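Here's a quick briefing on this assembly, topic by topic. Have the structure open as you read.

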Amino acid sequence: MKQHELKAGALLLLAFASILAFAWIVGVNNPLSHRLHLYVTYHFAGGIEIGSPVRVSGIKVGQVDTIEFYAMQKSEVISNKEPGSMQDDKNTAQAPVRLRLSIDPKAAISIRQDSKFYINLAGVIGERYIEITPGHRNKGEIHEGDQLIGTDPPRIDQLLSQSFDLAGKIASLIEDNKDDITHTVELMVKLSTNLNKTLTWVERSELFKSDLGKLVTSLLALSQDLHKMTQKIHGPEGERMMQLLSKLIQRLEPLEQKAILDFFQKEGIRVHLF
Amino acid sequence: MWRMLASILIDIPHFLIHPRRFRWRETLEALSTLGAGSFQVITLATAFAGIVITHEMAWHMQKALHSVAMVPGMSAQFIVRELAVAVPALLLVSKVGASLTAEIATMKITDQIDALRLLGINPLDYLLYPRLIACTVAGGALTLISILVTLLCSVATARAYHFSPPEYLALAGHFMKLTDVIQAVIKGSTYGAIIPIMSCAYGFCCRGGAEGVGHTTTQSVVASTLCVIVLDFILTMLFSLI
Amino acid sequence: MSIIFSGISTAFGTKQVLKDINFEVSTMTFLLGKSGAGKSVTLKHIMGQIPIQQGSITLDGSILSPQSRSLCGMVFQQPALFDSMNIFDNIAFGLKTGNKKERVLELLHHVDLDPSIVTKMPHDLSYGMQKRVSIARTLAPNPRYLLFDEPTTGLDPLATRLISDLIMHVANTCHVTCLVVSHDIGSALRIANHILFLDDCRIVASGDPKTIQLSTNPLVQAFLGRHAVCSDSFVN
């Protein structure tokens with residue numbers, strides 16, 4: 001009888017040890033240890049499940065306890081729009097999702113009132129988790145049962161549907177102006193053919209080649225002359241000329257308009273002065 | 001046989017509300033002989049099953065996905081949800097079911113069951129319920145143990161595919177949930193409970209001599225195996241709805 | 001203090017097994033008949049293994065009930081010992097209260113067995129010893145009626161005599177009323193004080209051994225003749 005008791009006891013003990021081992025593998029938290037609980041609201045909590053990990057600065061510190069549809073009061077309407085969130089007037093009317101996170105109190109020190117709660121994707125298997133960014137030191141600490149606003153993840157489905165709309169519009173535009181577009185394309189084809197022909201003719205024509213050569217040579221000489229002239233203007237000779245000119249203008253300035261007009265009339269030149 | 005099975009099933013609720021019918025000593029003895037006695041064979045069989053399934057998974061993933069990254073997750077989930085539940089159940093059927101049926105059938109043909117009845121003892125109280133409780137408990141316990149053993153063997157096998165044990169367990173942890181383990185225990189206990197019920201239903205109806213005992217044992221083991229497989233299907237369907 | 005069968009009729013489907021059986025069990029009653037004559041069915045009626053279809057059985061003046069049935073003990077043709085238990089546990093199994101050890105030793109004494117066998121397992125004993133243990137086990141809950149189902153079938157003449165003597169001894173020392181179902185006319189003639197012959201669903205002869213020996217019924221004559229040959233050869 002004693003032997004039976006021992007064997008039966010050993011079997012049950014081993015089974016109990018296995019339960020503990022599974023709990024450890026699965027990552028169940030010790031129900032006796034103290035945890036800090038936070039409520040985070042989202043409009044869209046894509047892919048988060050009960051038991052999804054919660055990380056602070058990339059380190060796992062807790063998990064999602066519960067997910068509930070939280071009937072939001074009018075006064076509680078989330079006003080501060082987070083970057084990347086998909087909030088709009090239509091969405092605020094819906095009941096947002098409220099997640100209860102249980103977090104190791106040691107990690108809670110770095111979480112502040114301005115911490116952001118992102119929903120991220122990790123690993124080969126695409127596991128979802130909540131990443132909490134540490135907040136500023138001068139902001140208030142979080143406390144048990146605090147309600148915070150989460151940053152909604154970009155909605156791949158909405159993005160997709162929007163790009164679908166765009167693609168649809170483009171398609172209908174093309175469909176509606178099919179004739180015009182065809183015409184334009186035909187013209188462009190013709191134009192390019194003509195251009196091509198012209199270019200080939202230019203290439204083949206010896207005459208054009210020689211004329212073009214001459215033209216280029218005279219253009220080059222012209223630009224060189226111009227270059228020299230500007231250089232002269234910038235040089236000391238030019239400067240002196242500019243000074244002489246300004247002196248001349250200064251001398252001319254005190255003269256009366258009338259006298260100038262008379263002078264020019266005598267010379268037989270008609271001048272219109274402003 | 002069906003009438004016997006029906007009368008057993010009708011009597012079970014009566015037993016549950018009359019704790020005086022519970023026989024502690026026989027239950028403990030049955031737990032030791034049937035449960036702990038099956039420990040070695042189940043551990044050995046499921047250990048090999050774990051090795052085989054991990055290699056198989058890796059081979060298939062390499063063929064289909066050209067990557068073995070999912071091996072820990074997939075094999076752990078398969079082990080918890082099906083492999084380490086069905087294999088011990090079928091082994092228990094063949095080991096415990098056969099021995100129980102043969103014992104009860106022999107008792108029947110040698111008038112021992114009538115003798116029990118005439119001594120004022122309900123044969124079900126003495127033969128069925130201690131074993132029913134023992135097999136239900138042992139079914140759950142052995143399922144837990146075999147899951148652990150199979151997982152450990154899978155961890156060891158996965159080393160061949162460059163998964164360190166902590167890495168394996170972390171990846172497996174993403175796929176395994178505690179509810180999976182609880183469901184596995186419920187399944188294991190249910191299959192454990194089927195064995196004594198079927199053994200008693202067949203054993204109590206045994207006729208003839210040694211040949212009758214052999215025939216009854218075969219029938220009982222076949223029926224219990226089918227029951228386990230069909231119930232496995234039903235329970236898996238039920239759990240998938242939850 | 002007796003069991004009375006009144007108007008018992010039993011049929012299995014269309015096959016009639018017992019038809020209007022009336023008799024009273026006195027101190028040592030033997031029920032004889034061919035195989036399949038319905039002898040065992042009468043025992044099974046008492047033990048409740050086959051429900052009574054017609055008529056009634058009264059035990060100590062009241063209709064047989066599960067409570068009154070506990071006053072009866074039955075010894076099977078086979079020893080039917082629980083082979084997972086030792087001899088002590090087998091005998092003590094039917095005991096609910098009291099000093100089990102003392103009672104077991106007393107019972108072993110009644111059936112003339114050595115107290116040293118209590119630790120042995122049933123398969124360690126000879127068939128005759130197993131049979132004795134089986135009687136001791138049946139006697140354990142202090143029954144007032146002992147029913148024997150073919151206790152001497154398959155035994156050699158010496159063992160047959162030993163067992164029938166034992167039945168006699170037990171009946172006297174434990175003050176129990178015995179109903180023995182048997183083929184063995186020799187034992188019946190020797191120890192019974194009432195013999196019944198069952199044939200073709202009915203009782204064809206009844207009375208004390210002397211009356212039976214004088215019966216003109218062909219079946220009784222056939223039984224007696226065979227016994228005469230047997231006893232002659234045995235004596236010779």
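Let's start with a helix pair: in this predicted model, α6(B) and α8(B) make a right-handed crossing. Their axes come within 7 Å and cross at roughly 145°. From there we go to chain B's confidence and contacts, then to the sheets of chains C and A.

**The α6/α8 crossing in chain B**

- The contact of α6(B) with α8(B) has 17 nonpolar, seven polar and one charged residues, sorted by class.
- Both helices turn up again at the side of chain B that touches chain A, where α6 (123-158) and α8 (178-203) are among the contributing elements.

**Confidence in chain B**

- Chain B has an average pLDDT of 91, and 100% of its residues score at least 70.
- Looking element by element, helix α9 (residues 210-241) of chain B has the highest mean pLDDT, 94, while α7(B) has the lowest, 83.
- As a rule of thumb, predicted coordinates shouldn't be read in detail where pLDDT is low.

**Where chain B meets chain A**

- The contact draws on 23 residues from chain B and 22 residues from chain A.
- On chain B's side, the elements giving two or more residues are α2 (24-35), α6 (123-158), α7 (165-175) and α8 (178-203).
- Of these, α6(B) supplies the largest share, six residues.
- By class, this side of chain B breaks down into 16 nonpolar, five polar and two charged residues.

**Where chain C meets chain B**

- Here 12 residues come from chain C and eight residues from chain B.
- The chain C side of that contact has seven nonpolar and five polar residues, with no charged residues.

**The sheet in chain C**

- Four strands of chain C line up as an open sheet in the order β2-β1-β4-β5, with antiparallel pairing.
- The edges belong to β2 (15-25) and β5 (62-63) of chain C; each has a single partner strand, so one side of each is left without a neighbour in the sheet.
- Strand β1 (residues 3-12) of chain C pairs with β2(C) in the antiparallel sense over seven bridges.
- If you want to follow the register, Phe5(C) has Phe23(C) of β2(C) as its bridge partner, and Ile8(C) has Ile21(C) of β2(C).
- The hairpin of β1(C) and β2(C) has two residues between the strands, and Gly13(C) takes a positive phi near 65° there.
- Helix α1 (residues 39-47) of chain C lies across β1, β2 and β4 (54-59) of chain C, and runs at about 70° to β2(C).

**The sheet in chain A**

- Chain A has an open sheet of seven strands in the order β5-β6-β2-β3-β4-β1-β7, and the pairing is mixed.
- At the edges stand β5 (117-122) and β7 (146-149) of chain A; a single partner strand apiece means one side of each is left without a neighbour in the sheet.
- From one strand to the next, the twist averages 35°.
- Strand β2 (residues 53-56) of chain A and strand β3 (residues 59-69) of chain A pair in the antiparallel sense over four bridges.
- For a landmark in that part of the sheet, find Arg55(A), which stands opposite Lys60(A) in β3(A).

Note on methods
Residues numbered from 1 in each chain as written. Chains lettered and ligands numbered in written order. Predicted model: local features only at pLDDT ≥ 70, side-chain atom pairs only at ≥ 80, totals over all residues. Contact = placed C-beta atoms within 7 Å. Nonpolar A, V, L, I, M, F, W, Y, C, P; charged D, E, K, R; others polar. pLDDT = per-residue confidence, 0-100. Axes fitted to C-alpha atoms, helices over the stretch in contact; angles between N-to-C directions. Left-handed = near helix turned anticlockwise from the far one by under 90°. Pairing = 2+ DSSP bridges.
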